[in-house]
Every structure is written in C-alpha cells, then in structure tokens.
Amino acid sequence: MPKRNDIQKILIIGAGPIIISQACEFDYSGTQACKALKEEGYTVVLINSNPATIMTDPQMADATYIEPITPQVVAQIIEKERPDALLPTLGGQTGLNTAVEVARMGVLERFGVELIGASIESIQKAEDRERFRHAMEKIGLRIPRSGFAKDMETVRTVAEEIGFPIIVRPSFTLGGTGGGVAYNPDDLEVLAKSGLDASLISQVMLEESVLGWKEYELEVMRDRNDNVVIICSIENMDPMGIHTGDSITVAPAQTLTDREYQIMRDASIAIMREIGVDTGGSNVQFAINPQTGEMIVVEMNPRVSRSSALASKATGFPIAKIAAKLAVGYTLDEIKNDITGETQAAFEPTLDYCVVKIPRWAFEKFPETDDYLTTAMKSVGETMAIGRTFKEAFQKGVRSLEIGRHGLGADGKDKIDPLTAGKTEIEQKLTTPNSLRYFYIRDALLSGRSIAAIHEMTRIDPWFLHQINQIVELEKELRTYKGRNLTLDLLRKAKSWGFSDIQLGHLTGRDEETIRSLRKAAGILPVYKLVDTCAAEFRAATPYYYSTYESENEARVTERKKVMILGGGPNRIGQGIEFDYCCVQASFALREEGVESIMVNSNPETVSTDYDTSDKLYFEPLTREDVLHIIETEKPFGVIVQFGGQTPLNLSVPLHKVGVPILGTQPESIDRAEDRKLFQAMLQKLGLKQPANGTAVDTAEAAVIAEKIGYPVIVRPSYVLGGRAMKIVYHRAELENFTRIAIEASPGHPVLIDKFLEDALELDVDAISDGKTTIIGGIMEHIEAAGVHSGDSACVLPPINVAKEMLADITRATKAMAAELKVIGLMNVQYAIKGGQLYVLEVNPRASRTVPFVSKATGIPLAKLATKVMLGRTLQELGFSREVIPAHVSVKEAVLPFDRFPGVDTLLGPEMKSTGEVMGIGADFGAAFAKAQLGARQNLPVAGTVFISVRNEDKAAAKEVAARFRDMGFRIMATRGTSRYLDEHGIENMKINKVSIGRPHVVDAIKNREIQLIINTGTGEEPARDGYLIRRAALKYSIPYATTIAGAGAICEGIAALKNRKLSVKTLQEYHA
Amino acid sequence: MKALLALEDGRTFPCRSFTGPGETSGEVVFNTSMTGYQEVLTDPSYRGQMVTMTYPLIGNYGVNPEDVESERIQVEAFLVREYQDIPSNYRATGTLGEYLQKQGVMGVDEFDTRALTLHIRNTGAMRAVISTQDLDPASLIAKARSAPEMTGQDLVHKVTTAEPYFWEGRKVPLNGNAGRLDQQIWRHRGKRFAVVAFDFGIKYNILRSLAQVGCEILVVPAGTSAETVKALGPDGIFLSNGPGDPEPVTYAVQTIRNLIGYRPIFGICLGNQLLGLALGGRTFKLKFGHRGANQPVKNLRTGRVEITSQNHGFAVDTDSMAGKEIEVTHVNLNDNTFEGFRHRQYPLFAVQYHPEASPGPHDAGYLFDEFATMMKQQPSR
C-alpha cells in the first residue's frame, strides 16, 4: 500500500521539557518523524515547548510552534492550521495524553482531524489497567493480579485474592513515596494504612509481587497490512522492582532459549493485534519467573519510548522514522532499510555485538534524598556502550557515565576496601538497589562472597554476576603484575574485556600513557566494527561504528577534509539536550560546508547519535583513550570541543597536549577563562570588575579570604558544570564544611570564593566571534536574582529592566573579552548588576546552555555560524553582521525534578537542579512569561487566594506584589509577620498560622485547596522548616509557587496577561519571517 | 587449547578450542539467529558444515534435553566469538561445551567471527579445517582444499533414517510387521491424516508440527520408492528438509516425480528443491546461503510478510520454473529468491524456509494447517 494522498498536513505533538522519564529521546523520535514526513512531501506542523530540541529548528517542520503543550493550545493550533491528521505517538506520554485530551474535547471531530498511528480506543486499552487486564486475558496472557482499595477492609479482601507478597502502592504520591512490599498480613496493615494517608486521594493499589523476576522488553512494529516485526529484545540486568529506566539493560536478551524467546515474541504480536495499534512502534514489557519460566505481561506502551530510542541505536533500525512512514500508509515491505540500502524494513534486526545501557543518576545533586531505586524512575540520563562481549560493553558503559570512573573499579577511585569494609555495608548496598550497586557487586566478589550469595541479595541473574566475576577475576590476575609489564596476551585479553588504560595502569603501577605506549608498540589497538542491523549479512551503507579489540578493522577512512565533533555524553543535570542541539547544528554546518562530519558520543537518547545526522558516527565513550583512538584512525583536520558541554571541554587540554588540532578557541583561552588568577588579570587589563574574590586550596585559606571579602560568599570548585558543589555561605562553620566538599568535587583544582552580590540583577550573554569581529547573539535578563544558578533561573530576552547604556557597556565588555581570549566560535558571559555597577561573574569560551534558546528567540543559528567560523569563515561572509533584537519577547523557564525526590527542598540556589527548560514567546513579557509557566506545568490561577510569606528583606517588595494581586481581585493570605506588614500598609489580608505555630495552618489550607498561589521566600541559611513544609505541600498539590520576589513579580505579570486576553499562537517561521 | 581455522582460500584464524583436542573439516557457513544454538546444532541440514554464530555470546542458557531437532549434534564444528561456560536458565541441564565434547564435536571461540562472516559474505561459503593438532597454516589449508565439496555431494544418505518409524512425540519403531508397508500400518486412519514423511534429514519440530495439525506420521528413508508409498496409501506426503546439494539426490527426485498428482504433497527446504527438480526446474548454489531467523518472505497470495527461519545453501532457480504450471507463492524480500510455490493442477506446495521454526519465528505455522486442509479436500478414498 503506498502512502496516503488523502492527507497533506500532519500535526506532531512533541514531548515538552526534559524531565525525568521523558528526555531527549523524544527529540530524537520527533526529529526523525519530521524529517520522514517532509521527505514524503507532507506539510508538517509541530508543537513543542522545548527550545533546546532539534525538532523545533525552523527547517525541521513547516510550521513550528514553540508553545505550551496543553490541550487548549493544541486546539488553538488545530483551529488555525487545520491539519488533516494528528500523529500522537512520537511525543512520549505528554504527546499521547495531550492528543487523548484534545480528542475528548471534540476538537478532532470538529475540525475533521484524523488520529494516525494509534486510535483513542487502542491508547485507552493499553493505558487503562482494567481494560488492559481484560485484553490480556482474552489472548491468554496475564498481568500481575492487582486491585484498588480506599479502606482497610477492602485492603484485606483484595489482599486475600492476590496472595502474599503484595506490593502496596499509594495512588497519586510524589516519586512513588510510601508503600512497599508486604510479606504478611501484619506488614500489610502497617503499609496500607500509611499508604492510604500518603495518597492524595486516599487510595492504594495492591499488586501481586513479582519482585526479583527477570524483566524483558520487546520493541515491536506493526503496519496497516498487519505485518509485525520485533526490532529488538532487551533484558534488564536489574530484575523487577527497579524501574526499567533505572535498570542496567542489555540487548539482545541473553538468557532466553529460542523457545522462550519465541513465546515472548508471539505474545508481543498478539498484544499488538489485541490492543489494536494500527501502525507504528510499541514496547511490551514482560516478567519471567526465573524458577519456572512463567511469563506475565507488565505493560505495553502504544507509542515510541525511551526503550525504542535505545533499540534504534542498539540495532541501527530507525523506529521513529519507520513509525512515521507507517502512519501515513506505507507497509514495512515498501520501506528501504537505510542501513543496508538494499534490503527492506520488513525484517528483524540481528545483532553481532552486545549492547549495555547504564542509567546516569544525579543523587549528588540532592543530598537530602536517599540513593535508593524503586519502581519510580530517578535517573536523569543514560549511556550506551557496544562491545563484542558483555564485559567489554559493560566496562565501556561505566566509563561513559561521566562519574569519574574508568571502568568497573580498579581505577584508583574505589571508595571502600572490600577486604576491610564492614560486612553490613556491602550487603546492605546489595540488598537495597542503588545507583552504585554494580560497584558493590565487585566489592562483594573481591571480599569472597559467592555468586549464589550475591544473587540471593540482588536477584540479578547469575549470568550477569558471572560476567562481572570474570572481570573481577581478571582484575585480580592483572594485579599480580604490579611493577611488571603485562604479557601481551593478558594485555590483549584485558582490553577485549573492556579494561581502560587507566585501570590497567592503576593495577600494574604504571600510568595511562605507559600502558598506551606498551599497547601501541605491540599493535594492540582497537578496531572499529559496524552497526549494520544484519550481522554482516549485507553490506552496510551507513558508517555507524563501535570499537572492539579484534582483528579486522572496518572503518572506512576517506581522504576528505573532516572534522570531529565531541558530544556531551549522558544527560545529567547541568548538561543536557542543549549541548546535543549544538553538536547536531555543528554537524549540519559541516555538511553545508562540504566537510565530512564525524560524531563521537555515548548517549543513545540523542539526535547526535542518529545514524544519518553526521557522515560518520562513532558510538564510543568520551574519554581521552577512546577519543584518541578514533582520532588516530580518522586523522581529522580538527576537533570541535566547544559544543558538547563540559565533557569534551575537559578533554581539550589532554588532546591538545598530544598535538590534536582543536578547532576554534584554543585550550589556552579556555584555561585562561577558567583559571581564577589568569582571569582576574585579564579583567584588570580590560578595566572590568568582578565581585571580590579569592582562591583557596584548603579550608583555612578559605576562611581567611571569606573574612577579608565579607560574608555571604559563594564557594565553588573550578572546572565543573552546572554549579556542582556550589553554595552561598553565610558564616564560618558552614564555609569550612562546604569547602571540604568542594575540594572533593574537583580534586587538584582550587576552590573559588566570591563575594555574593545579594539581590543583584543577573544577565547571561551569548556571543559569537570569528577572531576579529564579535557579535552579540543575545542578552538575557534573569528573573530570579543573582544566587540562583543561571540554569535554574527563568530569563527573558531581550532584557526588560536594563538601561540602554548598561546594555552598551555589556556589549563592549563582551567584545573586549572575546578579543582578549581570542575567541573563535561561541562565548557565554554571566554578568551581575548591582548599584549601577556591572560585574563579570563568569566567562565561558564555549557553547552555553542558552544557545538554542537564543537561536530560537532571534532566529539566528548561532551554533551553525560558530562552526563555520571555526572552519575559517568570517561573520561578514556568513552575513551575520549585527545583533538581532527581536520585537517579540521570549522567556525561558526551568523545569525542576523535585517531585521525584522525596524530602528535597524546592528552594533554588547556586547549585543547578533543573532537568529541562521551556520557552514562551509573546508580544510582551506578561504573555511570554505566562506561556513559559504553562509550558512548565505551573498552572497560573486567574482568581483565588495568594499566600504570601516572605523574609524581612523582601517585605517591601512583597507589599507591591500583594497590592497588584489585590487589584486583580485575588484574596491575600499571609503568615504573621508578613500579615502585620501588609496590614500596616493597608493591604487587606487573612492571617494564617505557620506550621510551627499550630493548626489550622498554611499546609492545612493548601490541602483544603484554599490557596491557589504561593509566594514564599527564605534564605539558604535558616533551616526554614516552615518554608520547607509549605514548598513541599505546594509541590504535592501542584500549586504554583515563587521562591523569590522577582519570580513573584513575574508571575503577577503573567497572570495579568492571562486575565486580559487569550494567549495567541504563532509559529517560529512567522516570528522570524 | 590453541586451535587454528584454515579456509580453502588461504585465510586462517587462530582460535581456541573449548572442547579439547581435535581436527575436523566441513563447509563454513554463518547463522545470524541470536537464539536457538541447540536447535541449530542438532539440525541435520547442517551435516557437512561448520557453523559460526554471528551473535558473539553463545552458551548463555546452556543445553537441555528438549530443544533438540534430531538425536545428535549434526554440525561438523561450532565456531563462536565467546563461549559462555556458566549458563543460566531454569531448563538448563548442562553446558554447551560438555554437550559438544560428549558428542565429539569441536567448539572453538576467541576469534573475530565477524571477520569470518564478512569473508564468507564476500567470497562465498567454503571448505575449511579446524585443528588443535596441526597448527601449521599451509598444511591445514591443503587439508581444507582436499575436503569434499558441497556441490555434487549427496549428504542425504548420511542423515536419513535406516528404517521407517512412527512419530508419536518420539521415534516409535515399527514392530511386528516391519517390512510389510501397506495400508494396514495406519492405526488412526480416519481420525488422523496418514502422512508419509520422507526423511532427508528431518527436524523433530516438523514432526511435532505435523502431529499438531492431526497427522499420524510414518517417517520413511530417503530411498523409499514411489511404489512403497503408494502401497501405504497415505492421505498426504511430506518432503523434509535436509543437508547439501539437491541435485545428486536423484533417487528422491525420481520418486517424487512418480508421486506428483498421487496425493497432496508438502515440501520444506530440501523438499522444496527436490520438488522443483522433479517438476523440471533447476537448483543452484547461493553464494553464502540463508541461515538465520530474520529472513523476510512475502506471501504473494496475501501480500503479508512473514519473518522466517531459514537454513539453505542451495535454491530453486525461479526462471527455471517458468511454464511449469506452478504459481510462485513466496519470495524472499532481501534478494528476491524463490521461497515457495504451489502447483496449479496438482495438490502440492512447498516452501524453501522453515515454517516449523525452531529456532525462529512462528509466523509461517499456518502452512501446516494448509497441508491438513489440502488432505481434507483431497480425500484419499
């Protein structure tokens, strides 16, 4: 069946901001879909609130709406655009839910829009637990027995039917708080009671426990001719009980016989048919009882997912692209397999390598929460590694994680000595799943525990434990060569089992370079093999490589001029999709310039690791060793390190040292901007000011500096991104304590201490320079005052509170620094304004997190231009001659993951905590801000009660805000101090107790839905128990809140915009026409 | 233990034997299925061949007594990237290494199996020798060159059963009236379809699949004559898979020719090729064959795609079947080769791939039902 001609215009809903469980894999899938549909001649309309995505690049779709993804906005767009069809399966759960809601509103029917890819009926059949259960029973499959209860009596009845052990899950709680496993009726009484309390709707779900069962996933595709194929099987190393997003997973499945695998395959196909997914990709999860082989269905997602992104990268089969083509009527046998170019998409990929995915967590960002994994996902990113053995892939995966480790331990960074460590520590860490469990498995093995014992504690399949044991046994053997050279056979074996040179150096008492030389002399070098979907049965047309230690190298090295782009590695807080956006833009720019692009990255979620983004893709860890091997193979003209964030930046000096040509700004300049003393000297030379500061290498020195410049001070390590281990410190004890942490966070580098400019206005500037001319890309004014990390602060472009002269000063200062640092490419500067004085806070001669936002706001593709500049073009040649100051206003708002982390305070500070961002564009600040808030799921109220409780310093400002809310018809509620102040200034308000005073208090009022908006400021200094309880309650009941007065003022303007008129929608193409 | 693999074209691969000392020869082929190594090992169609699995980790789930396709390991040697000595699966009763060793079949690993696969893809399946005793490349290459060629060799007589037997979930020898092959032999006449299955190297799962659609199956040696079959008066005739080149199996071609039109015939794999030859078609050797569980086949009657299990080095030449009163019913989507046909006049059909799977997908299981339907519609009396 050929493609449909009865539809011309298709609307795609994106996934919105990056949040935990919904990351850049949906940019990857959406981008593929946009490309595929445009390729077929369809007009593509796209909505996504996330400006950091490639899919929202204006050339990806015909009409690009960076607007909040709400059913109302989608309805507005449908009314305006009149698409023929809506494709809801590529934008994650957000896309799917929004589409269902839009359909429910009758909008699709009213405007004659056809839902393609999945029907409402099939979506509901898959998502509604009871309907899903019945569907599965109909085809002879089963899901875990479960039931809901709203009281203890029902709990007991339901439990009777299910049988112990039972998982108790409170409905509607944050981050899966509450609940647990009940092994007997006594446990059940306790757990269910507390679960009913924890639930927002006093309901618990009781479910048959399949904890410890083996977990599998199959990625399935179906076309409208009812052809069904399995793209990939995935086996979770971590068994049931840990969210699959938090599990180490392996492709293909390792411990299933063909008989068992085919049963699972048959079941997946039957499920596709029964649920009625007409076309596209789905994901089915199974659990298998390891003792009996009994199989149950855990769930199915009738859409592309994180796992399908992984499966696409693991196999080379582009699931999202094919899903888009199937949605418009093609069948699998009508679509070419791009990888081979000669065979069809109607087949099942086969792997001749092993793929390991390891999640990347960010517990270090949330010290108040326990590093403990459950059925609620907590990881913020993931890395994938490919090897010819599990051992190789696994160790490559660990060193790709950007956690400072170089393999499975034995790298000089092991925290505990397994031989002396307390028995309980290791066992506790094995029994309770956590982000470092695999290191503890090594410890357990080193301390002599048996595989059987470890299996008992972890329920990890013995096959995986045996693989890890082999690594550990080899480590022990390698250790015996301390002070001697390894035999070549052993060296070869160690490399093929994934040991890094750093590990081998550590184990034998040599350094990395010595091991490297030894290897090179003996010719022990990696070869590159192709990911080709077919295990070499057909010739692969696309050069997608991974390294391994074997005999035959398949890298096809060309004679063309080529440039290598180092990507950003796994997403984590502080380093996310923004950098992938820049890397992808760089790749596009290279293509435009006729230069071969070579991408190196280890993040399977990204567009950068799509097989057709660059001319060549090396799916490899971003370490010195791994990158140097590729450079030696490809011999590129230059390497781009300034786009991938801190990961490649950290490699710039080591690579430069061994003579690798770095394109654009040179590592010396990067160093000059990072090194406090050099930087200070430069500012002095240029006559620029920075807050009083000093550097310290120990706590005593830190104390002296702090006394000199006066508290409060900001303490931070050098060479880290995202404000890791950065804090505002108000007194000495705190200073000493924190300095110690900062030194640990960045060993070998001094700690930076700056005067903290309280209540200063902060600005971010992105600029581009070709070495002679520097042009401002955009100036952004932060909405939160200085002290909140720029990644967490909302910002507005162009600035609204900065005088013209000051903007001119900023431009001058930026250009002067660019010239001084010999910037070629991008540069980001952070400024603060206090008392009419401009301070330079930080300069980063590289792409910043705000580059995509600025590009979307101004219509200038900064990263692309920067790439061309790095190749030697001038800005003048490229036609970029002056700063673009748009007539519209753009607001960026951060999206925070607090709902995933029980017990964490939601107060913003200098340590970055947000996972993603949204953009709102409007004619004025109020409209843009309101859209940004909507996009970030802060539902600004247009009526009701505003609760205000602020610290003394903020009272005067709070009064102004209160007055404005009052004028808009809101009631004001305030705690004692604030209330009195407002009373004194004639603002009518209701007084309410702080929690610490007595009931009824503000949290009661929040629970009773008596408060619609919360303004609560506090300092990081006070324990602020009251503030904390208020903020957590706000989070739990989804009540918008501001933790700064500036933020409150912005919300006020946003609400005013919402009250005055309906927000309109407009495409990027229209904005930049 | 150190071993060396030498190909007839002079390429060698140093490797390791995980089954102790030995030396063996055969044609090297690759299989791309990621699961089902035990089924592959025991598939008689692999007789005369050394099989390399493209998936690098093999042995993960051990071996068990159920997942076998014949009574012994059939491959000449088994070549993998990394043998897994400690299996994990609730059905496992032993390791792959022990299993091979017990049956005297060499298993080697620790070499670049992808390089070997690419080499075969580029230059074609070829003869090879593996040895732990003779590690001299020149000597081994010479031995590889003197090994028998696949083309022109009748391997069927090596794997076919010596005596007829009934399949009742296992082999049941004929007792009492052995040699009296007549209509009285059927014990479920009228209740089950009486099927004579020619054993050219039949896989157990074909027998299981036939039984499942209601057949009583008498498995007969490849050399059984048409007269004998007719004396048995079956409801249908099944032509099995088997190893190697169909052309030298002239006796079977002749027999089949005499049976065409007599009763419904269903052929799989070698059975398909023999039927093709019997109808006057030609067969040819594929460069490196189809071996795996992901081969897409289009059913031209329904337009649907089946993901199929395959194992064949020879194929029926589509052009040679022109004008033979047949309808091509199935075609391979990867290379457009001939995957199945049906006679326009006589009740006979065959497929090149393996609807019985094992290992592989169950997409084509419907063909056994079609055989049953055909027998129902063409009552033998």
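Strand β2 (residues 43-47) of chain A runs alongside β3(A) in a parallel pairing over three bridges. Strands here are DSSP runs of E with at least two residues, helices are runs of H or I with at least four, and both are numbered from the N terminus. Two strands count as paired if DSSP finds at least two bridges between them. Within this pairing, A:Val45 sits opposite A:Ala63 of β3(A).

A word on what you're looking at: this is a predicted model, where local features need pLDDT of at least 70 and side-chain atom pairs count only at pLDDT 80 or more, while totals for chains, interfaces and linings use all residues. Residues are numbered from 1 along each chain as its sequence is written, with chains lettered from A and ligands numbered from 1 in the order in which they are written.

**Two parallel sheets in chain A**

The β2(A)/β3(A) pair belongs to an open sheet of five strands, ordered β3-β2-β1-β4-β5 in chain A, with parallel pairing. At its edges are β3 (63-65) and β5 (114-115) of chain A, each pairing on one side only. Helix α3 (residues 92-104) of chain A lies across β1 (9-13), β4 (85-87) and β5 of chain A, at about 120° to β1(A). Angles like this run from 0 to 180 degrees between N-to-C directions, and the axes are lines fitted to C-alpha atoms, for helices over the stretch in contact.

Further along chain A there's an open, parallel sheet of five strands in the order β36-β35-β34-β37-β38. Its edge strands are β36 (990-991) and β38 (1041-1042) of chain A, and each of them pairs on one side only. Strand β34 (residues 945-949) of chain A and strand β35 (residues 971-974) of chain A are joined in the parallel sense by four bridges, with A:Val946 partnered by A:Ile972 in β35(A). Helix α32 (residues 976-984) of chain A packs on this sheet, touching β34, β35 and β36 of chain A, and its direction makes about 130° with that of β35(A).

**A buried strand with two partners**

Now for strand β27 (residues 761-770) of chain A: nine of its 10 residues are buried, so it is largely enclosed by the rest of the structure. Buried means that 20 or more other C-beta atoms lie within 10 Å of the residue's own; 12 or fewer makes it exposed, anything in between partly exposed, and the C-beta atoms are placed from the backbone. Here are the two pairings of β27(A).

| Partner of β27(A) | Sense | Bridges | Opposite A:Ile768 |
|---|---|---|---|
| β28(A), residues 774-782 | antiparallel | seven bridges | A:Ile775 |
| β30(A), residues 824-834 | antiparallel | 10 bridges | A:Leu826 |

β27(A) and β28(A) make a hairpin with three residues between them, and A:Gly771 in the turn has a positive phi of about 100°.

**One helix residue, and chain A as a whole**

A:Leu465 is part of helix α16 (residues 462-479) of chain A. Buried or exposed, where does A:Leu465 fall? It counts as buried, because A:Leu465 has 23 C-beta neighbours inside 10 Å. Setting aside neighbours within four places in sequence, A:Leu465 is in contact with A:Ile441, A:Ile451, A:Ile454, A:His455 and A:Ile460. Contact means that the C-beta atoms of two residues, placed from the backbone, lie within 7 Å.

Zooming out, chain A has 36 helices and 38 strands, and 61% of its 1073 residues are buried. Of the contacts in chain A between residues at least 6 apart in sequence, 71% join residues at least 24 apart. The C-alpha atoms of chain A fill a box of roughly 80 × 70 × 70 Å along the principal axes.

**Chain B and where it meets chain A**

The domain assignment, which comes from an automatic or database source, splits chain B into domain 1 (2-146) and domain 2 (156-376). The C-alpha centres of these two domains of chain B are 28 Å apart, and 22 residues of domain 1 of chain B are in contact with 23 residues of domain 2 of chain B.

Between the chains, 39 residues of chain B are in contact with 46 residues of chain A. On the side of chain B that touches chain A, α3 (113-123), β16 (283-299) and β17 (305-316) of chain B are the elements giving two or more residues, and α3(B) gives the most, with five residues.
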